[in-house]
There are 2 protein chains.
Amino acid sequence: MDVFTAMKGRRSCRDFLPEPVGRDKIEKILAAASWAPSPLNLQPWEFIVITNTNVKEKLFSEAKRCIKWILDKTGWDWLKTYNADFLKYAPVVIAVIGDPRKTGVDMFLEEGGAGYQHACAAAIQNINLATYALGLASLWFTFFEKDPVREILAISPDKTPIALICIGKPNGEILQIPRKDSMKKTTFIT
Amino acid sequence: MDVFTAMKGRRSCRDFLPEPVGRDKIEKILAAASWAPSPLNLQPWEFIVITNTNVKEKLFSEAKRCIKWILDKTGWDWLKTYNADFLKYAPVVIAVIGDPRKTGVDMFLEEGGAGYQHACAAAIQNINLATYALGLASLWFTFFEKDPVREILAISPDKTPIALICIGKPNGEILQIPRKDSMKKTTFIT
């Protein structure tokens with residue numbers, strides 16, 4: 001698939017078919033992730049590929065707890081109908097874990113120490129694009145607290161769960177959400 | 001260009017030819033950036049496209065100051081020969097600016113408030129891939145402090161310069177830096 005087609009066509013998917021995702025596709029997706037750039041090529045990512053129903057159920061419970069907590073705090077109406085069911089029903093959830101010690105020189109800089117997270121986010125975008133190019137869809141999910149997810153997935157306290165990426169075949173077509181014209185967000189210094 | 005070819009073939013470039021980059025390519029690259037996903041589709045990015053020689057020189061000076069400061073602090077040998085000349089010689093530098101107010105619900109979460117940075121990093125990866133697909137090369141540069149760059153580029157204090165992306169035609173072939181086998185960084189929970 002053409003790279004521009006992939007970038008523009010990719011959608012966030014919240015409704016997946018139960019059909020399993022083959023191991024070959026998972027391997028292609030994670031190889032793509034690993035081609036992302038990172039500070040000093042430290043490759044600060046690790047992946048946990050979750051197909052186990054009980055573990056997905058636990059991640060769903062944590063998301064539900066989080067949503068309720070933020071609804072109570074903010075009263076935001078849209079959260080009342082927000083349902084993170086896709087964590088249960090996506091055939092695969094990939095947890096992307098970052099290592100804060102692999103952040104490069106930005107650890108010395110003011111407001112620094114986020115380089116490892118940026119690299120993980122670039123790897124996640126590669127996951128999104130690879131997934132779409134393979135005829136699947138994905139959701140970049142971050143509506144959770146770190147410690148409960150560390151506990152569910154047995155992640156050591158010195159590593160950071162950056163996101164849960166739900167992957168599977170989309171159930172029907174996904175509406176394209178528009179973007180603001182990038183030229184309206186751009187200044188030129190010539 | 002095929003999306004997997006782009007992800008695997010993209011290289012970080014530190015040596016650019018002076019040849020200018022056409023406005024049409026810049027627009028394509030930034031349109032690609034804006035197709036990245038973001039929390040609640042808040043699109044927390046802005047772009048400053050710098051071709052002005054004086055401004056690039058100022059960014060170079062800030063990077064040099066930063067490199068010297070970290071060399072003094074750490075004594076890391078490799079920093080002695082590290083030269084950020086590409087900030088001067090790249091025909092275009094794109095500053096990617098993030099808006100911390102557009103971070104979504106993670107602003108309420110422990111260790112949260114980084115969602116806007118993750119979205120900017122995904123947009124940067126789209127910039128890298130689009131650049132490469134257009135026959136150019138890029139460098140994702142973050143070796144600077146926020147405040148001096150805010151001052152050089154007249155960015156308001158409530159926004160965050162996430163990265164400077166150098167773009168141009170590469171001067172010669174760039175060596176591919178290997179990656180660890182992604183399967184060695186992956187655990188399966190089945």
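Two strands count as paired when DSSP finds at least two bridges between them. Keep that cut-off at hand as you work through this predicted model.

**Exercise 1. Work out how β3(B) is joined to its neighbour, and name bridge partners along the way.**

Step 1. Start at B:Phe141, whose bridge partner in β4(B) is B:Leu164.

Step 2. Now go to B:Ala137: its bridge partner in β4(B) is B:Gly168.

Step 3. Count the bridges: β3(B) and β4 (residues 160-168) of chain B are joined by 5, and the two strands run antiparallel.

Step 4. At least two bridges are needed for a pair, so with 5 bridges β3(B) and β4(B) qualify.

**Exercise 2. Place β3(B) in its sheet and decide whether its residues are buried.**

Step 1. Trace the order of the strands: β5(A)-β1(B)-β2(B)-β4(B)-β3(B), an open sheet of 5 strands with mixed pairing.

Step 2. Look at the ends. β5 (186-189) of chain A and β3 (137-141) of chain B are the edge strands; each has a single partner strand, so one side of each has no neighbour in the sheet. From one strand to the next, the twist averages 20°.

Step 3. Check burial, which takes 20 or more other C-beta atoms within 10 Å of a residue's own. By this test 5 of the 5 residues of β3(B) are buried.

Step 4. Sort them by face: B:Ala137, B:Leu139 and B:Phe141 lie on one side, B:Ser138 and B:Trp140 on the other, and both faces are covered.

**Exercise 3. Describe the sheet that takes in β5(B), and find the helix that lies across some of its strands.**

Step 1. Read off the order β3(A)-β4(A)-β2(A)-β1(A)-β5(B), again 5 strands in an open sheet with mixed pairing.

Step 2. Identify the edges: β3 (137-141) of chain A and β5 (186-189) of chain B each have a single partner strand, so one side of each is without a neighbour in the sheet.

Step 3. Move inward to β2 (residues 92-98) and β4 (residues 160-168) of chain A, an antiparallel pair with 7 bridges. Here A:Ile97 has A:Pro161 as its bridge partner in β4(A).

Step 4. Add helix α6 (residues 146-153) of chain A, which lies across β1 (45-50), β2 and β4 of chain A and runs at about 65° to β4(A).

**Exercise 4. Judge how compact chain A is.**

Step 1. List its elements: 6 helices and 5 strands.

Step 2. Compare radii of gyration. Chain A has 17 Å, close to the 16 Å from the globule rule for 190 residues, so chain A is as compact as a globular protein of that length.

Step 3. Finish with burial: 47% of the 190 residues in chain A are buried.

Conventions. Residues numbered from 1 in each chain as written. Chains lettered and ligands numbered in written order. Predicted model: local features only at pLDDT ≥ 70, side-chain atom pairs only at ≥ 80, totals over all residues. Helix = DSSP H or I, 4+ residues; strand = E, 2+ residues; numbered from the N terminus. Axes fitted to C-alpha atoms, helices over the stretch in contact; angles between N-to-C directions. Contact = placed C-beta atoms within 7 Å. Buried ≥ 20, exposed ≤ 12 C-beta atoms within 10 Å, placed from the backbone. Rg over C-alpha atoms; globule rule 2.2 N^0.38 Å.
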